[in-house]
Amino acid sequence: MEKICVAVRVRPPAPELSPENGSSLWKVEDNRISLHKSLDTPITTSSYAFDHVFDESSTNASVYELLTKDIIHAAVEGFNGTAFAYGQTSSGKTFTMTGSETDPGIIRRSVRDVFERIHMISDREFLIRVSYMEIYNEEINDLLAVENQRLQIHEHLERGVFVAGLKEEIVSDAEQILKLIDSGEVNRHFGETNMNVHSSRSHTIFRMVIESRGKENSSSDAIRVSVLNLVDLAGSERIAKTGAGGVRLTEGKYINKSLMILGNVINKLSDSAKLRAHIPYRDSKLTRILQPALGGNAKTCIICTIAPEEHHIEESKGTLQFASRAKRITNCAQVNEILTDAALLKRQKLEIEELRMKLQGSHAEVLEQEILKLSNQMLKYELECERLKTQLEEERRKQKEQEQCIKEQQMKIENLNNLVTNSDFKRNQSEGRKTPDGLCNANDSSDVPGTPCFKSASHSFVVARSNYSLSDFSPMVYSLGDVANEDTWMKLNKGFVADLDKLQFTPAIKRQPTPITMETTACSRENYKEVEDLKSQVELLTNEKDSLQVNFNEQVLLNNKVMEEMSELKQEVLPMKEIPKRLSESVTSCRDVYNDVIVTMKSLIPDKESPMAKLLSGTTEITTSLLSTLETQFSMIMDAQKASSVDHPLSDHPLSDQWETLRVNLKNTTTFLLTEAQAKDELLNCHNKGQETAALEEKEKLKSELSIIKERYNEVEKELGLDKQLLVASREGHKKLLKEVQFLKEEREAFDVKISQSTQRLRVIANDKENALKDLNVEVKRRKEMEEEIKQISFAFATRHKSFVSFHSEIKSKMQKLTTRNPNSS
Ligand SMILES: Nc1ncnc2c1ncn2[C@@H]1O[C@H](COP(=O)(O)OP(=O)(O)OP(=O)(O)O)[C@@H](O)[C@H]1O
């Protein structure tokens with residue numbers, strides 16, 4: 001998708017107009033044109049920007065170079081192209097498109113350029129066809145063949161919109177075309193109006209159809225066909241201005257109407273795609289022919305011409321608005337190719353080759369990795385498959401075993417049936433060898449061969465049956481194992497052997513298959529127990545996990561609390577850190593005061609060699625050094641605080657001692673000075689009575705100075721005392737804080753350890769739980785299988801029991817019969 005290229009060209013002022021009126025109000029700066037008032041101030045609402053703006057001094061050569069050249073070159077490459085000039089009458093459209101002898105217009109320059117371009121392309125051969133038509137009063141006339149008038153527009157699936165019957169001349173060079181154009185120009189409708197002595201009264205379309213195909217291996221290459229339209233529109237005009245009447249008026253109406261439709265098409269196309277409804281291409285012949293150039297498959301440029309004169313301002317503004325809208329239109333140009341089958345095949349082959357190259361190139365590594373990943377996955381699936389196969393085999397084997405077991409059971413049942421069937425025969429045969437209870441004697445070696453009887457059963461199975469009474473009790477299903485294969489029974493019941501003696505006391509479940517419960521088999525009981533164990537284990541683990549989770553949450557909360565407390569403490573510590581600074585400031589001010597005091601004191605002692613003066617200077621030295629030490633200490637503390645967030649241990653500094661020494665020194669000095677002053681006073685009183693007045697004055701002065709010093713000293717002392725207290729308090733607070741911080745740190749570390757332990761335990765528990773669940777699942781599955789097996793066996797036993805019971809009742813009835821028949825035998 002590409003936007004239509006739009007340019008504006010300002011015609012030079014007409015020479016016949018007065019210079020005043022002819023001076024241009026349109027100012028061109030780069031690609032912007034704006035309307036200026038006479039005083040050279042731009043009118044902001046009338047400023048427009050386009051792809052190119054050509055001022056009055058521009059030439060057709062520059063217009064062609066900047067605006068049209070690319071489109072012409074693209075047309076040679078196979079793209080459709082259109083260039084047209086739009087503007088009011090006399091604004092310079094024809095001048096731009098056709099040009100003059102000295103400055104040929106776009107059409108002539110295009111023709112020459114096309115051939116120059118063709119000559120540069122050596123691997124293709126070209127066929128150029130040209131046609132020249134005009135739309136005059138909404139009728140299409142052939143300018144190359146006068147007889148071709150009122151031509152019709154048709155639409156074809158492959159050719160698109162075309163003018164039927166339009167003469168197309170095949171040309172071989174530029175000169176030939178230029179001659180044809182000249183001959184066409186003669187047939188064109190021009191007319192004289194008030195505005196233009198040589199006014200175009202029709203829209204003209206010069207068309208070049210450029211066909212090309214590759215020279216080598218031409219059979220397999222596509223044919224390119226492009227259409228190049230170079231259009232010189234008739235200019236819009238105001239009837240009042242042109243002074244048209246009659247034919248000119250009619251022409252003007254048609255011109256205006258078709259230009260209005262062109263404007264509508266441009267308006268619609270410039271709307272956003274969403275708002276775009278129907279584009280009225282069919283409303284005029286001009287828009288129909290230009291359809292591919294407006295929002296279709298073509299590269300298009302429009303040159304809008306304006307007249308610079310003041311009385312054309314309105315028309316010029318209209319033209320610029322048209323140009324602005326046209327700027328928003330997008331086309332979708334593509335190379336037009338006609339592909340033969342061979343060309344298609346060749347192209348596809350090339351595409352495949354290209355894809356293969358791409359595959360081998362940049363994507364190779366990625367693909368290799370992908371393949372590796374896939375083969376790994378495949379391997380994994382294969383292994384999984386193998387595992388499943390083995391599992392399946394195992395299952396099958398188990399199933400076979402069970403089937404075998406069932407078969408054996410069935411055989412036993414069959415044997416039992418046979419036993420029942422043969423019992424009569426056996427009884428008849430061995431009537432003389434009956435046991436007292438009427439049953440066959442298992443130890444009798446003269447037993448009829450082939451009769452299963454109980455002979456085959458082992459002693460452990462067939463136990464004392466003398467008290468067995470079938471009429472009252474029915475044996476439990478699992479107790480019927482006495483007649484089954486011993487091994488199978490052992491296997492199925494995990495070693496459980498029934499004692500038939502106890503069968504008598506089993507509650508009767510007459511002729512009903514025993515329902516399967518967990519208690520029916522020892523095996524099931526074991527499984528059940530196991531499952532229950534696992535369940536309780538899981539429950540326990542879950543409880544433990546929950547309690548740990550609660551613990552963990554509590555610890556996290558506690559930890560957060562501790563962190564908060566720590567940050568609060570840190571906040572509290574902040575103002576304490578200010579104390580050394582404040583103390584340092586106090587020391588500085590003390591030193592200042594002290595210096596003042598000393599200066600005053602020194603002034604009171606005239607004799608510099610007196611012991612008092614010496615004492616004073618000694619004390620001063622000591623005090624000054626103490627004060628400087630204090631200052632140094634404080635600044636050190638402050639530096640340490642800055643360097644580290646950990647509080648500097650104030651307690652390590654012997655500050656308080658120094659404070660004390662300083663205080664004592666100051667006090668001594670002051671007391672000494674006061675005593676001296678008093679002594680001096682007394683001396684003055686005794687020896688200088690003559691100079692009483694002057695001395696009194698001096699004395700008063702000194703006294704007041706002394707009292708000031710005293711006051712200041714007291715203040716300093718107070719301040720020092722306060723500072724000392726503050727220092728002690730801060731030291732204690734600091735110690736406390738340090739302890740608390742340490743404690744919190746330890747607590748936090750302990751919490752951290754606990755948390756990590758809990759997390760680990762949680763992890764272990766989660767694993768245990770997962771494993772337990774897995775075991776549980778396996779167990780549940782196993783249990784289900786067992787239940788299924790038991791069901792089958794129970795069913796078999798129930799059937800056998802049924803037949804066994806009927807067998808017994810049969811025997812019993814037969815025995816009764818026998819007893820009745822032969823009462824003496826019992
Ligand atoms: N850029 C230019 N340089 C010199 N002269 C120009 C220029 N543009 C136009 N003219 C002159 O202005 C006059 C009107 O120009 P032209 O005929 O090209 O206008 P038009 O827009 O085609 O008018 P119409 O629509 O009436 O055909 C002509 O005499 C032409 O030579």
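In this predicted model, helix α2 meets helix α4 through N60, V63, Y64, T68, K69, I72, H73 and V76, which touch I106, R109, S110, D113, V114, R117 and I118 on the α4 side. Sorted by character, the residues of this contact come out as 7 nonpolar, 4 polar and 4 charged. K69 is one of the α2 residues involved, and R109, D113 and R117 are among those contributed by α4.

As for geometry, two packed helices are described by the angle between their axes and the distance between the axes. Here, α2 spans residues 60–77 and α4 spans residues 106–120. Their axes come within 9 Å and cross at roughly 45°. That angle is over 35 degrees but short of the 65 to 115 range counted as roughly perpendicular, so α2 and α4 are oblique to each other. The handedness of the crossing is right-handed.

Zooming out, the chain holds 17 helices and 19 strands. It runs to 826 residues, of which 24% count as buried. Contacts that reach across the sequence make up much of the picture: among those with a separation of 6 or more, 74% join residues 24 or more positions apart.

One residue of helix α17 is worth a look in this context. That helix covers residues 692–821, and L738 sits in it. With 15 other C-beta atoms within 10 Å, L738 falls between the 12 or fewer of an exposed residue and the 20 or more of a buried one, so L738 is partly exposed. The C-alpha atom of L738 lies 9.8 Å from that of L569, although the two residues are 169 residues apart along the chain.

How far to trust all this varies along the chain. The average pLDDT is 75, and 72% of the residues score at least 70. Among the elements, strand β6 (residues 52–54) has the highest mean pLDDT, at 96, while helix α1 (residues 19–22) has the lowest, at 48. Two stretches call for some care. Residues 492–520 have a pLDDT below 50, yet this stretch has 57 contacts in the model beyond near neighbours in sequence. Residues 645–653 are also below 50, with 13 such contacts. Where pLDDT is low, the predicted coordinates should not be read in detail. For the complex, the predictor gives an ipTM of 0.98 and a pTM of 0.47.

How values were computed: Residues numbered from 1 in each chain as written. Predicted model: local features only at pLDDT ≥ 70, side-chain atom pairs only at ≥ 80, totals over all residues. Helix = DSSP H or I, 4+ residues; strand = E, 2+ residues; numbered from the N terminus. pLDDT = per-residue confidence, 0-100. Contact = placed C-beta atoms within 7 Å. Axes fitted to C-alpha atoms, helices over the stretch in contact; angles between N-to-C directions. Parallel < 35°, antiparallel > 145°, perpendicular 65-115°, else oblique. Left-handed = near helix turned anticlockwise from the far one by under 90°. Nonpolar A, V, L, I, M, F, W, Y, C, P; charged D, E, K, R; others polar.
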